[in-house]
Amino acid sequence: MRAQSLVALLAALWLTALAAHPVQADEGWTITAFASSIDIRPDATLRISENIHVDFGGLQKHGIFRTIPLRYRYDDTHDRYYDLSVISVTDGTHSLPYTTSIQSDNEVIQIGDPNVLVTGARRYLITYQVTGAMNAFAERDELFWNVDGALWPVPKRSVTAVVSGVPATSIEQVACYQGPTGSTDTCTAAKTSTGATFASTRVLGSGEQMSIAVALAKGTVNVPQPLLEARSRQFPQDAFVLNPLTVGLSLLLLIAGIGLIVRFWLVHGRDQAYLTRYYTAPTSVATAAEQPEPVFRHEPVVVEFEPPGGLKPAQLGLILDESADTKDVTATIVDLAVRGYLTITDIPEMFGRHDWLLTQKQADLAALLPYEATLLDGLFAGRAQVKISELKGKFQSTLQSAESQVYSDAMSRKFFRARPDLVRLVAIGVAIVIVIVGVGMTFLLGITLGGGLIGLAVIVVGAVLLVLNRALVSRTAAGREVMQKTLGFRLYMNTAEKYRQQFAEKAEIFTQLLPYAIVFGCVSRWARAFEGIDTSASNTWYVGNAPFQAAVLSSSLESMNANISSAIASSPPSSGSSSGFGGGGSSGGGGGGGGGGSW
């Protein structure tokens, strides 16, 4: 059990020491010998002399620096610290200039003259005193010391240590470990008539160290209580303490936050429904009583054979998905062509690119809805013709204006309780604020109280709201009625092959309803319903490279839809520049120890 406790404590102290400074690349010089003499005083103070022989070879250096950790994690609420004072620094004969400083809870002893460079073999004898490093256990007192530290950027050919100052008979057990942090590779350890000796059995490379343990009979020295102070938490390793308080508060916040989101949806996010379906006149619709749509009951979809209320494709697209997008705009352009406001000419593929030419026709512009007029003006902008490829990077402002007018149109018809894009914008904004607050709470509570889990609960609430932002949009009862009919109309177009006999007698509806097929995403299915039926008589707006057939047109329109969506959604190119340099480049975008180095 004693050996296991020594190994466990050794691993913990090595991990702490290794975290103090990153191991540097080999600097090209060598520590030829590192010999430590540790004298244990009756009051458990340690007087340590480190005799360090180095060989700089042909390198020019001012000297070395020695880094010794002073603070270690003790428990969840306390840090243990050592009181260290430097007594002298010499070359064995003469004093050497040095400075001391505290850096990241480490004592840094910098040795050498900034105005003098040295080369070759050098000796540095550092003597210092440490208080608070001895450990007291119920059955023994113990010295557990990392002799040299893993943070030297060069190899050490030999590491030795001598422990003295206590009667040899009081030493009950000795142990020595060498290698990288956590290694249980043993080195030489022996009791002598004056104390104990330790030695590495091989060269210790950069990142390796030697630690020693000496168990003394209880009461051999007067070991005081460890020097403790309130723990300085590190983020993130100390920020998430699991106890009944942090777990309970986290769950409470999580449940309360998600509960508020669900409650808001129940009150404001559900579509409204008429209490009765027995109304006919517009005045009865305006005065009909409404209530939120039942949560677990949905009305069956009844097939509709024409657009409800004569609404246009973009209007139905918004009703369905509560979003005005480029698909709705594409369908509107085709709808304007079908209605005689423009023609679409399929340009043969050249140099791997397929394009379409839009030509404006003379028509009654007064009959257009506001968003349709905006699109038409934006497309042609004083010109009679424009290619789809020419719209790229030049249509974004028109697109945004038209989409905004689609929302305004829906609100003027009282289809939604609040404008859908604004509801989503507010929900996303609130969600981002909640996430930011949660991040701040995670850090502040984690670094002060270990309560980072509480902040994480807040972040999860914000993330849930961010994911569910679309669910908070709700339709009025009138909007819900239109949506039900729109679903029925979509069902009709998706199952259009059932009605082929009717289409043979009324082929013109192919082009009339084609823009709605674009909105519903069923252009190919709609075209298959007219396979073999002559639809050319209804074509006054499309010029292709082959005879007008439903299948050929549907394929061309699907390709055009993708190109229009890409072109009209593209933002104008930036006038700025960037570089891969100057910060612009990126990849796919135990007590003691420490180490040292040269300067």
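# A tour of the helices and two loop residues

Select helix α5 (residues 326-338) and α12: their axes cross at roughly 175 degrees and come within 8 Å. That angle is over 145 degrees, so α5 counts as roughly antiparallel to α12. This is a predicted model. Now show side chains. On the α5 side of the contact are Lys327, Asp328, Thr330, Ala331, Val334, Asp335 and Val338. They meet Thr511, Gln512, Pro515, Ile518 and Val519 of α12. Colour by class: the contact of α5 with α12 has 6 nonpolar, 3 polar and 3 charged residues.

**Stay on α12**

Keep α12 selected and hide α5. How many of the 12 residues of α12 are buried? The count is 11, and the helix is mostly covered. Highlight the buried set: Ile509, Phe510, Thr511, Leu513, Leu514, Pro515, Tyr516, Ala517, Ile518, Val519 and Phe520. Next, check the length. From first C-alpha to last, α12 reaches 16 Å, close to the 16 Å expected at 1.5 Å a residue. Step just past the end of α12 to Gly521, which has a positive phi of about 70 degrees.

**Add α10**

Bring in helix α10 (residues 477-494). Its axis lies 11 Å from that of helix α12 (residues 509-520), and the two pack at an angle of about 115 degrees. The pair is therefore roughly perpendicular. Look along the contact: α10 passes α12 in a left-handed crossing. Which residues of α10 meet α12? Pick Thr486, Phe489, Arg490, Tyr492 and Met493. Their partners in α12 are Ile509, Leu513, Tyr516, Ala517 and Phe520. By class, this contact has 8 nonpolar residues, 1 polar and 1 charged.

**Move to α4 and α7**

Select helix α4 (residues 313-321) with helix α7 (residues 396-412). Their axes cross at roughly 75 degrees and come within 10 Å. α4 and α7 are therefore roughly perpendicular. From α4, pick Ala314, Gln315 and Leu318. From α7, pick Val406, Tyr407, Asp409 and Ala410. The residues in the contact of α4 with α7 divide into 5 nonpolar, 1 polar and 1 charged.

**Step back to Phe395**

Phe395 sits in the loop between β23 (385-387) and α7. Is Phe395 buried or exposed? Its relative accessible area is 0%, so Phe395 is buried. Draw a distance to Leu379. The C-alpha atoms of Phe395 and Leu379 are 7.7 Å apart, with their positions 16 residues apart in sequence.

**Follow Leu379 into α6**

Leu379 is one of the buried residues of α6. Select the whole helix, residues 370-380. Of its 11 residues, 8 are buried, so α6 is largely enclosed by the rest of the structure. The buried set is Tyr371, Glu372, Thr374, Leu375, Leu376, Gly378, Leu379 and Phe380.

Now take the residue that follows α6, Ala381. Ala381 lies in the loop between α6 and β23. Its phi is positive, about 45 degrees, although Ala381 is not a glycine. Most residues other than glycine have a negative phi. Switch to surface view: Ala381 has 59% relative accessibility, which makes it exposed.

**Compare Asp105**

Jump to the loop between β7 (98-103) and β8 (106-111), where Asp105 is found. Asp105 is not a glycine, yet its phi is positive, near 65 degrees. At 36% relative accessibility, Asp105 counts as partly exposed.

**Finish on α8**

Select helix α8 (residues 420-449). Why does its length fit a helix of 30 residues? At 1.5 Å a residue the expected span is 44 Å, and the end C-alpha atoms are 42 Å apart, which agrees. Colour the buried residues: Pro420, Val423, Arg424, Ala427, Ala431, Gly438, Thr442 and Gly446. An α-helix has 3.6 residues a turn, so residues three or four places apart point the same way. Show the neighbours next. α7 and α9 (452-467) are among the elements that cover the buried residues of α8. Last stop: Gly450, just after α8, takes a positive phi of about 75 degrees.

Definitions and conventions. Residues are numbered from 1 along each chain as its sequence is written. This is a predicted model: local features need pLDDT of at least 70, side-chain atom pairs count only at pLDDT 80 or more; totals for chains, interfaces and linings use all residues. Side-chain values use heavy atoms; hydrogens and water are left out. Axes are lines fitted to C-alpha atoms, for helices over the stretch in contact, and angles run from 0 to 180 degrees between N-to-C directions. Helices (H or I, at least four residues) and strands (E, at least two) are DSSP runs, numbered from the N terminus. Angles under 35 degrees count as roughly parallel, over 145 as roughly antiparallel, 65 to 115 as roughly perpendicular and the rest as oblique. A crossing is left-handed if the near helix is turned anticlockwise from the far one by less than a right angle, and right-handed if clockwise. Contact means heavy atoms within 4.5 Å. Ala, Val, Leu, Ile, Met, Phe, Trp, Tyr, Cys and Pro count as nonpolar, Asp, Glu, Lys and Arg as charged, and the others, Gly among them, as polar. Buried means under 20% relative accessible area, exposed over 50%, partly exposed in between (1.4 Å probe, protein chains only). The expected span of a helix is 1.5 Å times one less than its number of residues.
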